[in-house]
Amino acid sequence: MRAIVFDWDGTLADTLHLMYAATEEVVAGFGLRLTWGEYCRLWTPDWRELYRSMGLPAEIIEEAGRRWWAAYRGRDEAGLLPGAAEALEKLHAAGYPLAVVTAGHRDNVGAQLRRHGLERLLPVRVHGDDMPEAKPHPAPLLRAIRELGLGSDATGTAYVGDALDDMRMARAAGAHAVGIDSVLGDAAALRAAGAAETTTSVAAWVDRFLAARV
């Protein structure tokens, strides 16, 4: 394995409940109701597509996005998922280049990374506002691989994420897709979307991955 790239929200950071709370508040302001189950079923890293799927008219989607960023509290409150930081430390100590490809915006994810002291472990970061293409398009992942100094070929790299579009992006880029079983997709759904393997957490996968090298 030449490098390992991670999703952020729901994979390393425990943010999904905070993202839902902000989304619920926003759509309620437009007279709509959104349950947790509906949110998990509709969720996609492309926030504009998410709002379209909820029935918001096209002319108010940009305003919905602005309201979401104002309502979202994850920048200051979100914790890391259990064992995530320790798993990154293990991979770093083993010599693997690491990166993040996330739909989250740079200022938001950057604040979380700094708060948790992970900037040095994840030096390459591609955010949702860095380029026009969004997951499941392969371009964000291929950009991270180039910035890691590995050229334009994703062979021998892994992408670890919890959403179906994470798996689709990894597969489209030619990377090894590792699915984290979550409320956004169980193991069967992740495999159907392109996962080569699935696991219950980043910590569990890293322990399994490193053990297999011995």
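A residue is called buried here when its relative accessible area is under 20%, and by that criterion 50% of the 214 residues of the protein count as buried. The model is a predicted one, and the description that follows moves from the overall form to the sheet, and from there to the cores and a single helix.

The protein contains eleven helices and eight strands. Its radius of gyration is 17 Å, close to the 17 Å that the globule rule gives for 214 residues, so the protein is as compact as a globular protein of that length. Taken along the principal axes, the box filled by the C-alpha atoms is roughly 55 × 35 × 30 Å. Among contacts between residues at least 6 apart in sequence, 63% join residues at least 24 apart.

Six strands form an open sheet in the order S5-S4-S1-S6-S7-S8, and their pairing is parallel. At the edges stand strand S5 (124-126) and strand S8 (197-199), each of which pairs on one side only, while the twist from one strand to the next averages 20°. Within the sheet, strand S1 (residues 3-6) is joined to strand S4 (residues 98-101) by three bridges, and Val5 stands opposite Ala99 in S4. S1 also pairs with S6, again in the parallel sense, over four bridges, and here Ile4 has Ala158 as its bridge partner in S6.

S6 itself deserves a closer look, since five of its five residues are buried. Thr157, Tyr159 and Gly161 point one way from this strand, whereas Ala158 and Val160 point the other way. Towards S7, S6 is joined by four bridges between strands that run parallel, with Ala177 in S7 as the bridge partner of Tyr159. The chain passes from S6 to S7 through helix H9 (residues 164-173), and this β-α-β crossover is right-handed.

The side chains can be followed next. The largest nonpolar core has 26 residues, of which Ile4, Phe6, Trp8, Leu12, Leu91 and Leu122 touch the most other members. At least two residues of this core come from each of S1, helix H6 (84-93), S4, helix H7 (106-116), S6, strand S7 (176-180) and helix H11 (202-212), and H11 gives the most, with five residues. Ile4, already met as the partner of Ala158, touches Leu91, Tyr96, Pro97, Leu98, Ala99, Ala158, Val160, Trp205 and Phe209, if residues up to four places away in sequence are not counted. Apart from this core lies another, of 24 residues, with Leu142, Met167, Ala170 and Leu190 among them.

Helix H8 (residues 139-147) completes the picture, lying across S1, S4, S5 and strand S6 (157-161) and running at about 160° to S5. One of its residues is Ile145, which has a relative accessibility of 0% and therefore counts as buried. Leaving aside neighbours within four places in sequence, Ile145 is in contact with Leu150, Gly151, Asp153, Ala154 and Thr157, and Thr157 is one of the buried residues of S6. Ile145 and Ala3 are 142 residues apart in sequence, yet their C-alpha atoms are 8.0 Å apart in space.

Definitions and conventions
Residues are numbered from 1 along each chain as its sequence is written. This is a predicted model: local features need pLDDT of at least 70, side-chain atom pairs count only at pLDDT 80 or more; totals for chains, interfaces and linings use all residues. Side-chain values use heavy atoms; hydrogens and water are left out. Two strands pair if DSSP finds at least two bridges between them. Axes are lines fitted to C-alpha atoms, for helices over the stretch in contact, and angles run from 0 to 180 degrees between N-to-C directions. Contact means heavy atoms within 4.5 Å. A nonpolar core is a set of buried Ala, Val, Leu, Ile, Met, Phe, Trp, Tyr and Cys residues joined through side-chain atoms within 4.5 Å. Buried means under 20% relative accessible area, exposed over 50%, partly exposed in between (1.4 Å probe, protein chains only). A crossover is right-handed if, with the strands pointing away from the viewer, the path from the first strand over the helix to the second runs clockwise. The radius of gyration is taken over C-alpha atoms; the globule rule is 2.2 Å times the number of residues to the power 0.38.
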